[in-house]
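Trainee: I have a structure to read and would like some help. Can we take the features one at a time?

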Amino acid sequence: MSLHRKHDSGRKASDAIYASSDLSLSVPKHKIPRDESSPRTAYALIHDELLLDGNSRQNLATFCTTWMEPEALTLMNECIDKNMIDKDEYPQTAEIEARCVHILADLWNSPAGSNTIGCSTTGSSEAAMLGGLAAKWRWRARMRAQGKSIDKPNLVCGPVQVCWHKFGQYFDVEVREVPVEGDRLLMGPEQAIARCDENTIMVVPTLGVTTCCQYEPVQAIAQALDNFEKSAGLDIPIHVDAASGGFLAPFCQPEIVWDFRLPRVKSINTSGHKFGLAPLGVGWVVWRDHADLPEELIFHVNYLGGDMPTFALNFSRPAGQIVCQYYNFLRLGFEGYKKIQNACYHTAQHLAAELDKMGPFRVIHDGRGGLPAVCWTLTEGAGHGFTLYDVSDRLRARGWQVPAYSMPAKREDLVVQRILVRHGVSRDLGDLLLEDIRRSIAILEKHPVSHPLTENEAGGYNHN
Ligand SMILES: *Cc1c(COP(=O)(O)O)cnc(C)c1O
């Protein structure tokens with residue numbers, strides 16, 4: 001092909017887009033192009049490149065929203081110019097954010113008359129940082145008042161999402177993570193207490209553990225900490241990581257006591273963009289009482305007009321996600337959320353039952369009790385001639401992303417595969433997937449793999 005420069009070639013507005021000279025060249029990848037492109041061309045180039053991202057609806061690894069109502073898309077568009085931080089310029093957006101905090105506090109049984117306080121964040125990760133910082137500051141004040149050292153804070157948790165390792169690393173807090181052991185894939189009360197001391201700023205149970213999809217027993221842990229306070233004289237607060245469970249348990253498992261009904265629970269985070277059904281980019285953190293959020297962490301700025309208290313890692317932030325969170329609350333109501341989440345549980349349970357029947361799999365989480373998800377491993381003993389990484393790889397050929405991964409420390413030998421059932425993963429879509437899993441194992445059984453794929457070769461999945 002002859003080399004030619006774009007401006008030589010006399011582009012015309014009427015050119016068929018893929019015949020235009022702009023699209024006959026490959027675009028620069030690491031340098032800003034010298035010349036402008038037409039919006040139509042630039043759009044086509046980027047749109048086409050994004051085709052390779054795959055189809056988010058078939059991504060069963062993610063916990064995040066991948067289906068939205070058209071009205072939510074309209075609201076997102078209408079909010080594209082709204083900056084969440086600018087509460088003076090956009091007072092109604094600020095009001096909507098405050099309403100969401102109150103709605104969540106109420107769903108989490110914040111005691112009547114309590115002075116609940118909270119805010120939106122970009123997701124559970126930022127919310128975890130804020131909850132963790134508040135706990136660290138409260139602990140420091142307590143230790144200083146007793147004339148004790150504040151050099152070695154720690155937090156106690158089970159198999160946590162990576163955000164808690166980040167929190168520990170970024171803010172200098174030792175993370176005492178209870179290793180999983182045998183069939184115990186969670187932190188129990190005994191293991192938590194065994195790691196607590198006067199430097200423990202908080203215990204962090206997870207409502208919906210990323211790796212096994214089960215709920216950690218918050219109430220039993222709170223009870224054990226009550227007893228520990230009586231015997232050791234240490235009053236250790238709980239922060240619940242309810243990234244997923246915070247939008248599930250209130251609707252589907254109201255009998256599980258995990259929230260502000262437990263006086264020891266001082267703060268809770270959740271992801272609006274997971275089972276909150278909001279578009280990507282919103283999380284929430286709520287404190288039981290104003291007193292649980294140290295005043296020194298709140299900054300007051302006046303340069304946007306008015307006095308604006310802020311506690312956040314970010315400053316400017318889009319408002320659409322928060323507005324859509326409120327849209328979901330209004331649109332669905334309690335019964336609507338319950339109906340959607342229950343449908344997910346039923347689909348998960350159906351998938352679990354069918355996977356169990358296939359033969360080579362042992363189901364570890366069947367969509368009962370924890371998240372609407374299924375988690376399984378290969379049956380022990382029998383030489384299968386393939387790994388779950390191979391199954392995962394075959395499913396990718398049909399566009400499905402079904403992650404295979406190993407469990408955390410002490411059970412790295414246990415490799416599992418997991419499906420998250422979210423709003424938009426219908427029973428029928430589930431059945432299509434089951435067909436593809438059956439086909440995959442039939443082929444793998446007929447053509448055993450001589451060199452099974454390893455975790456790295458199968459392509460890393462993050463557990464978001
Ligand atoms: C997803 C998740 C997080 C991180 O949340 P983001 O909203 O993705 O920042 C933290 N903890 C748990 C248990 C999660 O499932």
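The dialogue below goes through strands, buried residues, a helix, two loops and the ligand site.

Trainee: What kind of model is this, and what should I know before reading values?

Mentor: This is a predicted model, in which local features need pLDDT of at least 70, side-chain atom pairs count only at pLDDT 80 or more, and totals for chains, interfaces and linings use all residues. Residues are numbered from 1 along each chain as its sequence is written, and side-chain values use heavy atoms, with hydrogens and water left out.

Trainee: Start with strands. How many residues of β7 are buried?

Mentor: First the terms. Helices (H or I, at least four residues) and strands (E, at least two) are DSSP runs, numbered from the N terminus. Buried means under 20% relative accessible area, exposed over 50%, partly exposed in between, with a 1.4 Å probe and protein chains only. Now the case. Five of the five residues of β7 (283–287) are buried, so this strand is largely enclosed by the rest of the structure. Gly 283, Val 285 and Trp 287 cover one side, and Trp 284 and Val 286 the other.

Trainee: Which strands pair with β7?

Mentor: Two strands pair if DSSP finds at least two bridges between them. β1 and β7 run antiparallel, joined by five bridges. There, Thr 121 stands opposite Gly 283. β6 (265–271) is also antiparallel to β7, again with five bridges. In that pair, Ile 268 faces Val 286.

Trainee: In which sense do β2 and β4 pair, parallel or antiparallel?

Mentor: Parallel, over four bridges, with β2 spanning residues 154–157. Val 156 stands opposite Val 203 in β4. Five of the five residues of β4 are buried, so β4 is largely enclosed by the rest of the structure.

Trainee: Now a single residue. Where does His 239 lie, and what does the side chain of His 239 join?

Mentor: His 239 is in strand β5, residues 238–241. His 239 counts as buried because its relative accessibility is 1%. A polar contact is a pair of N or O atoms within 3.5 Å; within protein, one must be able to donate a hydrogen and the other to accept it, and residues adjacent in sequence count only if both atoms are side-chain atoms. Such a contact, at 2.8 Å, joins the side chains of His 239 and Ser 267. Contact in general means heavy atoms within 4.5 Å. Beyond four places in sequence, the contacts of His 239 include Trp 164, Met 202, Val 203, Ile 268 and Val 285.

Trainee: Is Gln 191 buried or exposed?

Mentor: Gln 191 is buried, because its relative accessible area is 17%. This residue sits in helix α6, residues 189–194. The side chain of Gln 191 reaches the backbone nitrogen of Gly 188 at 2.6 Å. Not counting residues up to four places away in sequence, Gln 191 touches Val 178 and Arg 184.

Trainee: How do I read a helix such as α10?

Mentor: An α-helix has 3.6 residues a turn, so residues three or four places apart point the same way. In α10 (388–396), the buried residues are Leu 388, Tyr 389, Asp 390, Val 391, Ser 392 and Leu 395. They pack against several elements, among them β10 (361–365), β13 (415–420) and α11 (427–446). At the start of α10, a side-chain oxygen of Thr 387 comes to within 3.2 Å of the backbone nitrogen of Tyr 389.

Trainee: Which phi values should I look at in Asn 109 and Cys 213?

Mentor: Look for a positive phi outside glycine. Asn 109 has one of about 60°, in the loop between α3 (91–107) and β1 (117–121). Cys 213 has one of about 75°, in the loop between β4 (200–204) and α7 (218–232). Asn 109 is partly exposed at 32%. Cys 213 is buried at 0%.

Trainee: Last, the ligand. Which residues come nearest?

Mentor: A residue is near a molecule if one of its heavy atoms lies within 4 Å of it. Of the 13 residues around the ligand, Ser 124, Ser 125, Asp 241, His 273 and Lys 274 come nearest. A backbone N or O atom of Ser 124 lies 2.8 Å from a ligand oxygen. Polar side-chain atoms of Ser 125 and Lys 274 lie 2.6 Å and 2.8 Å from an oxygen atom of the ligand.
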